2 protein chains.
Amino acid sequence: MSRRKVPQVVIPRLSLYYRAILESRKELVSSEELSKLTRFSPSQVRRDLAYFGQFGRPGMGYKTEVLKSSILKILGLDREWKVVLVGAGNLGSALLSYKGFLSQGFRICHAFDSRPVKIGKRINSVTVKDIRELPGVIKGSGIKIAVITVPSEAAQGVAQLLIANGINAILNFAPVRLNLPRGVTALNIDLSIELERLAYFLARTY
Amino acid sequence: MSRRKVPQVVIPRLSLYYRAILESRKELVSSEELSKLTRFSPSQVRRDLAYFGQFGRPGMGYKTEVLKSSILKILGLDREWKVVLVGAGNLGSALLSYKGFLSQGFRICHAFDSRPVKIGKRINSVTVKDIRELPGVIKGSGIKIAVITVPSEAAQGVAQLLIANGINAILNFAPVRLNLPRGVTALNIDLSIELERLAYFLARTY
DNA sequence: TAGATTGTTAATCGATTAACAATC
DNA sequence: TAGATTGTTAATCGATTAACAATC
């Protein structure tokens, strides 16, 4: 096993390998086949997998089942992750209802908002609670993942509240860079930035 | 002006520089200050900007107004981009209602769905139309950007329909890699992949 | 054994950073 | 002039790819 530091970009590729394997009905799969399915190069497929162990056999390829369970374990999907959502506006409610979000071992089990009009709403069997109840509900619950779908101005405060109550992984939809202590990871999904990337591409073409 | 090829990663950073500048009330801003605001290194700030021209003055910094309008133009935000959305389910409806999505010169002006229950719905002053009306509505309209919020199975077909009708920039929320002809750009926003990145991080910590 | 394909090394490619001459 | 800061070069760092010995 090569124990070099794993580049961050490898992880999302693992997710894509995993999806490709799920679709494969064969018992063995080669880096060549995974390459066809994912459009990453065969070299890259082998290199990426080799960061985590020796899963294949020269001359044969990878056993589909072995690869499937190995990646599942590497990605930490061999368990259920409870998720808390803060901000039950349009986007937050959509995520609560979004089936694809629940799959793969993630489950939103609490939702919070500060607006009286949102509190008490029941979406997809989750009742929106008052943000002031957050500490009581999640502290010590073992919940580690939060989704932030509040307006920009509120995001940093919410992040701090979450972290103070045991959260250390955040999916942030507010278009601000969060200031975080070491040990806490946040990934930003910033729709305006993506649209602007498209606009840049178009602006040069037209 | 250094005319080297602009790395793709520079573009989202430009968006962040732009936001930082919007918040700045000063007439001049240095790479050092932009670095503080964005957490990219001063070198990187200067390098990134230099891909597009000489916007600053040695010893002084960058004129805020010059930088603001320059980046706006580079990103193609000096005009309005009409956007078409396909898939008026939970996520699609949320994006239609989402204020942050409309800002910065993007405007969703048409929405389509194939389900009778969605057709006719009015969300944020956009009426959802039957997908079969799409060609008649958008062909020749000059609309270049589409947002895809349909289920995975439908995404590829929708993409082809859109491209056949003049779209060449796609923001795709369906968790599939789209097969696209040259000249068409798609950016994928894949919530499961992001959650899995968080799970990977947590799995190694706990 | 012959053919196939891994895991890994070395070479290449690309992006970031440090350093500094140019210049305001 | 002295101090500040850009734009750019060269050095560094990191990721991808090509090639191939090992081995099934």
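## Two protein chains, two DNA strands: a briefing

A polar side-chain atom of Arg13(A) sits 3.0 Å from a phosphate oxygen of DNA strand D. That contact is a good way into this predicted model, in which chain A and chain B bury about 5,500 Å² between them. The notes below go through the two DNA strands, the contact between the chains, and then the pockets and the cavity.

**Around DNA strand D**

- Ser41(A) also reaches this strand, with an N or O atom of its side chain 3.2 Å from a phosphate oxygen.
- From the other chain, the side chain of Tyr62(B) places an N or O atom 2.8 Å from a phosphate oxygen of DNA strand D.
- Two or more residues of the surface near DNA strand D come from each of α3 of chain A and α3, β2 (56-57) and β3 (61-63) of chain B. The largest share, 4 residues, belongs to α3(A).
- In total 25 residues surround DNA strand D, and the closest are Ser43(A), Ser31(B), Gly56(B), Gly59(B) and Tyr62(B). Of the strand's atoms that come within 4 Å of the protein, 63% belong to sugar and phosphate.
- Sorted by class, this surface holds 8 nonpolar, 10 polar and 7 charged residues.

**Around DNA strand C**

- Here too there are 25 residues around the strand, with Ser31(A), Gly56(A), Gly59(A), Tyr62(A) and Ser43(B) coming nearest. Sugar and phosphate make up 64% of the atoms of DNA strand C that come within 4 Å of the protein.
- Two of those nearest residues contact phosphate oxygens through their side chains: Ser31(A) at 2.6 Å and Tyr62(A) at 2.8 Å.
- Pro58(B) uses its backbone instead, with an N or O atom 3.2 Å from a sugar or linking oxygen of DNA strand C.
- Which element gives the most to the surface near DNA strand C? It is α3(B), with 4 residues.
- The residues near DNA strand C divide into 8 nonpolar, 10 polar and 7 charged.

**Where the chains meet**

- Chain A and chain B each bring 55 residues to their contact.
- Carbon and sulfur atoms give 69% of the area buried between the two chains. On the chain B side, Leu195(B), Glu196(B) and Tyr200(B) supply 13% of what that chain buries against chain A, more than any other three residues.

**Pockets**

- The largest pocket has a volume of about 1,800 Å³. Its lining counts 43 residues, and Val9(A), Glu194(A), Arg197(A), Glu194(B) and Arg197(B) lie nearest its centre.
- Both chains build that lining: α1 (10-23), β10 (185-188) and α9 (191-205) of chain A and of chain B each give two or more residues. With 7 residues, α9(A) gives the most.
- By class, the lining of the largest pocket has 23 nonpolar, 7 polar and 13 charged residues.
- The second largest pocket has a volume of about 1,000 Å³. Among the 45 residues that line it, Pro151(A), Ser152(A), Ala174(A), Pro175(A) and Val176(A) are the closest to its centre.
- The largest share of the lining of the second largest pocket, 7 residues, is from α1(B). Its residues divide into 20 nonpolar, 15 polar and 10 charged.

**The cavity**

- The count comes to 1 cavity of 30 Å³ or more, and the volume of the largest cavity is about 30 Å³.
- Lining the largest cavity are Phe173(A), Pro175(A), Ile189(A), Asp190(A), Leu191(A) and Ser192(A), joined by Tyr98(B) from the other chain.
- That lining comprises 5 nonpolar, 1 polar and 1 charged residue.

Conventions: Residues are numbered from 1 along each chain as its sequence is written. Chains are lettered from A and ligands numbered from 1 in the order in which they are written. This is a predicted model: local features need pLDDT of at least 70, side-chain atom pairs count only at pLDDT 80 or more; totals for chains, interfaces and linings use all residues. Side-chain values use heavy atoms; hydrogens and water are left out. On a 1 Å grid over the protein atoms alone, a cavity is a set of points where a 1.4 Å probe fits but cannot get out, and a pocket is an open set with protein on both sides within 12 Å along at least five of seven lines; lining residues have an atom within 4 Å of a point. Grid points are joined across faces, edges and corners, and a volume is the space filled by probe spheres set on the points. Ala, Val, Leu, Ile, Met, Phe, Trp, Tyr, Cys and Pro count as nonpolar, Asp, Glu, Lys and Arg as charged, and the others, Gly among them, as polar. A residue is near a molecule or strand if one of its heavy atoms lies within 4 Å of it. A polar contact is a pair of N or O atoms within 3.5 Å; within protein, one must be able to donate a hydrogen and the other to accept it, and residues adjacent in sequence count only if both atoms are side-chain atoms. Contact means heavy atoms within 4.5 Å. Buried area is the accessible area (1.4 Å probe) that two parts lose on being put together, summed over both.
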